[in-house]
Amino acid sequence: MLKVVRTRDYDDMSRKAANVISAQVILKPDSVLGLATGSTPLGIYRTLIGWYQKGDLDFAHVRSVNLDEYQGLPREHDQSYYYFMNENFFKHINIDPEQTHLPDGMNMDAEGECARYHQVVESMGGIDLQLLGIGNNGHIGFNEPAEDFAERVHCVELTESTIRANARFFASEADVPRYAYTMGIGEIMSAKRVLIVASGKAKAPILRDLIHGPVTPHVPASILKFHPDATLIADEDALSLV
Ligand code: GLP
C-alpha cells in the first residue's frame with residue numbers, strides 16, 4: 001500500500017516531507033538516511049538546514065547513503081551528485097562527511113564499483129528512511145523502466161527521456177553522461193520506510209500511472225505499492241490526474 005499525502009504546493013510538500021525526516025532523526029539520532037538528488041528534494045534540504053540552524057535538529061550521529069551518481073563526472077563537477085549533496089545539504093549541517101556515502105562516479109570499473117557500493121549499503125545495517133524523487137518515466141534513483149526489477153547496485157544506461165530531462169542542467173544534451181550507478185530496487189525496497197516526493201504538472205501523468213496502474217518494471221516506482229511503509233507526498237499539480 002502506498003499512502004498518499006496531498007499538499008497545496010511545492011513548499012507545503014517540502015515542509016511535510018522535512019517533518020517526516022526530522023521526526024525520524026529526533027526519534028533515532030543515529031538513523032541511516034537514504035538520500036536523493038534532483039530538483040524536487042531541494043526544498044526539503046533547505047527546510048532541514050533551517051531547522052538545524054535553529055538548533056532543532058542534530059545530524060551528528062546520522063549516516064547517509066545516496067541512491068545514485070553519474071558515471072564519469074568528477075566530484076567537483078557541479079552536476080555530480082557528490083557536489084549536489086555537499087552544496088545543497090551536507091556542508092550546511094553537522095553530519096560527519098565520513099559518514100556520507102555515494103557511488104564513486106570516477107571508478108570506471110563498473111563491476112568493481114557496483115560490488116563496492118553494494119557492500120557500503122549492506123554495511124549500514126539497514127536504511128531507516130529512504131527519500132526518493134520520481135523521474136518522468138517512473139524511474140527511482142536511476143532504475144530506468146526495464147523488463148525486470150534490478151535487485152542490487154548496478155550501472156545503467158540512461159534512457160533518452162532521462163537524458164533529455166536532465167539536459168537542462170548541462171551545457172548541452174551531449175554533455176549529459178550516458179551511464180550512472182544506482183542502488184537497485186531490492187536495496188530500495190529493503191529500507192524500513194520510504195518517502196517519495198513529487199511536485200508540478202509534469203509529474204501528473206506518471207503519478208496517475210503509478211497510482212492507478214499495475215506494479216510493473218516499466219514503471220519502476222510502482223513496486224513501492226508492495227512496500228509495507230511507503231508514503232507519497234505530492235502537491236495538487238502532481239496529483240491533478242489522480
Ligand atoms: C534524476 C535522479 C532521480 C530523480 C529524478 C527526478 O534523474 N536520478 O533521483 O528523482 O531525476 O528529478 P527531479 O526531482 O528534478 O524531477
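Two rings of Phe, Tyr or Trp count as a pair if their centres lie within 6.5 Å, and planes under 30 degrees apart make the pair stacked. I'm writing that down before anything else, and also that this model is predicted.

**Entry 1: aromatic rings**

I searched the whole structure for ring pairs and got eight aromatic pairs. I picked one of them, Tyr-45 with Phe-89, to look at properly. Is that pair stacked, going by its centres and planes? The ring centres are 4.5 Å apart and the planes sit at 25 degrees, so yes, I can call Tyr-45 and Phe-89 stacked. Next I checked where the two residues sit along the chain. Tyr-45 belongs to helix α2, residues 42-53. Phe-89 is in the loop between α3 (81-88) and β5 (100-101). The two are 44 residues apart, so I noted this pair as a link between distant parts of the chain.

**Entry 2: domains**

The domain assignment splits the protein chain into two. Domain 1 runs over 8-106, while domain 2 is pieced together from 107-120, 134-187, 202-221 and 237-241. I looked up the spacing too: the C-alpha centres of the two domains lie 19 Å apart. For the contact, I found 20 residues from domain 1 and 22 residues from domain 2.

**Entry 3: where the domains touch**

How much area is buried between domain 1 and domain 2? I got about 1,800 Å², with carbon and sulfur atoms giving 58% of it. On the domain 1 side, Leu-67, Tyr-70 and Gln-71 stood out, since they supply 37% of the area that domain 1 buries against domain 2, more than any other three residues.

I then went looking for pairings across the interface. Salt bridges between the domains came to zero, but I did find 13 residue pairs in polar contact there. The elements that give two or more residues to domain 1's touching side are β3 (63-66) and β4 (68-70). The largest share, three residues, comes from β4. Sorting that side of domain 1 by type, I got eight nonpolar, nine polar and three charged residues.

**Entry 4: salt bridges**

Side chains of opposite charge can pair when their charged atoms come close. I counted 11 salt bridges by the rule. One I looked at joins Glu-113 and Arg-116, with the closest N and O atoms 2.8 Å apart. Why are these two about one helical turn apart? Because they are three residues apart in helix α4, residues 110-123.

Key. Residues are numbered from 1 along each chain as its sequence is written. This is a predicted model: local features need pLDDT of at least 70, side-chain atom pairs count only at pLDDT 80 or more; totals for chains, interfaces and linings use all residues. Side-chain values use heavy atoms; hydrogens and water are left out. Domain bounds come from an automatic or database domain assignment. Contact means heavy atoms within 4.5 Å. Buried area is the accessible area (1.4 Å probe) that two parts lose on being put together, summed over both. A salt bridge is a side-chain nitrogen of Lys or Arg within 4 Å of a carboxyl oxygen of Asp or Glu. A polar contact is a pair of N or O atoms within 3.5 Å; within protein, one must be able to donate a hydrogen and the other to accept it, and residues adjacent in sequence count only if both atoms are side-chain atoms. Helices (H or I, at least four residues) and strands (E, at least two) are DSSP runs, numbered from the N terminus. Ala, Val, Leu, Ile, Met, Phe, Trp, Tyr, Cys and Pro count as nonpolar, Asp, Glu, Lys and Arg as charged, and the others, Gly among them, as polar. Rings of Phe, Tyr and Trp (its six-membered ring) pair if their centres lie within 6.5 Å; planes under 30 degrees apart count as stacked, over 60 as edge-to-face and the rest as tilted.
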